[in-house]
Amino acid sequence: SQPTAPTITAPATKVVCSPSTLTLTASGCAGTVNWSTGASGTSVVLSNVGTYSITATCTVGSCTIPASAAVTGLQIVSQPTAPTITAPATKVVCAPSMLTLTASGCAGTVNWSNGSSGTSIVLSSV
């Protein structure tokens, strides 16, 4: 008889930073689950940096049926590089003067400990 199409369950979070992994699970298959990655079994673990579109098939004897839909939008990204913070040579000033700290080397968004974001932060006594 025709096998049942597997149901693929994907993680709620579809984008993670390496070295985190993404695990997909297939259920409803009375035979062998084969993944588009080349793996077989009821689950597949994605660990390499990349963008994934995953499908699975269920094989019982000589009959094979694919899952009803691919799981798309899965992504493992490289761990970002920590920013370098540059401070002025003079670290003590008298009010109303200010100090500016600058962050560089970050490909994304720099978030400062005071809740602000951007490549620089101005410190003042006010």
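Me: In which sense do β4 and β7 pair, parallel or antiparallel, and over how many bridges?

Reply: Happy to start there, keeping in mind that this is a predicted model. Strands of a sheet pair through backbone hydrogen bonds, either parallel or antiparallel. One residue pair to look at is Val33, which stands opposite Cys58 in β7. For β4 and β7 the sense is antiparallel, and the number of bridges is four.

Me: Which strands stand at the edges of the open sheet?

Reply: The open sheet has three strands in the order β4-β7-β8, with antiparallel pairing. Two of these strands have a single partner each, so one side of each is left without a neighbour in the sheet. Those edge strands are β4 (32-35) and β8.

Me: By how many degrees are neighbouring strands of this sheet turned against each other on average?

Reply: The sheet in question is the open one with the order β4-β7-β8. With direction ignored, the average turn between its neighbouring strands is 25°.

Me: Which residue takes a positive phi in the hairpin of β7 and β8?

Reply: Strand β7 (residues 56-60) is joined to β8 (residues 63-66) by four bridges, and the two run antiparallel. Val60 stands opposite Cys63 in β8. The hairpin leaves two residues between the strands, and the one with a positive phi, near 65°, is Gly61.

Me: Which cysteines form a disulfide?

Reply: A nice one to trace, as the structure holds one disulfide. One partner lies in the loop between β3 (22-27) and β4 and the other in strand β7, 29 residues apart. The sulfur atoms are 2.0 Å apart, and the pair is Cys29 and Cys58.

Me: Is that disulfide of Cys29 and Cys58 right-handed or left-handed?

Reply: The handedness follows from the torsion about the S-S bond of Cys29 and Cys58. That torsion is about 80°, so the disulfide is right-handed.

Me: Is Cys29 buried or exposed?

Reply: The cut-off for buried is under 20% relative accessible area. Its disulfide partner, Cys58, is buried at 0%. Cys29 has 19% relative accessibility, so Cys29 counts as buried.

Me: Why is the sulfur of Cys106 too far from Cys17 for a bond?

Reply: A disulfide needs sulfur atoms within 2.5 Å. The closest cysteine sulfur to that of Cys106 is in Cys17, and the distance is 11 Å.

Me: What is the radius of gyration of the protein chain?

Reply: The chain has zero helices and twelve strands. For 126 residues the globule rule gives 14 Å, and the chain is well over that, so it is more spread out than a compact globule. Its C-alpha atoms fill a box of roughly 85 × 20 × 15 Å along the principal axes. The radius of gyration is 25 Å.

Terms used: Residues numbered from 1 in each chain as written. Predicted model: local features only at pLDDT ≥ 70, side-chain atom pairs only at ≥ 80, totals over all residues. Heavy atoms only, no water. Rg over C-alpha atoms; globule rule 2.2 N^0.38 Å. Pairing = 2+ DSSP bridges. Axes fitted to C-alpha atoms, helices over the stretch in contact; angles between N-to-C directions. Buried < 20%, exposed > 50% of the residue type's maximum accessible area, 1.4 Å probe, protein only.
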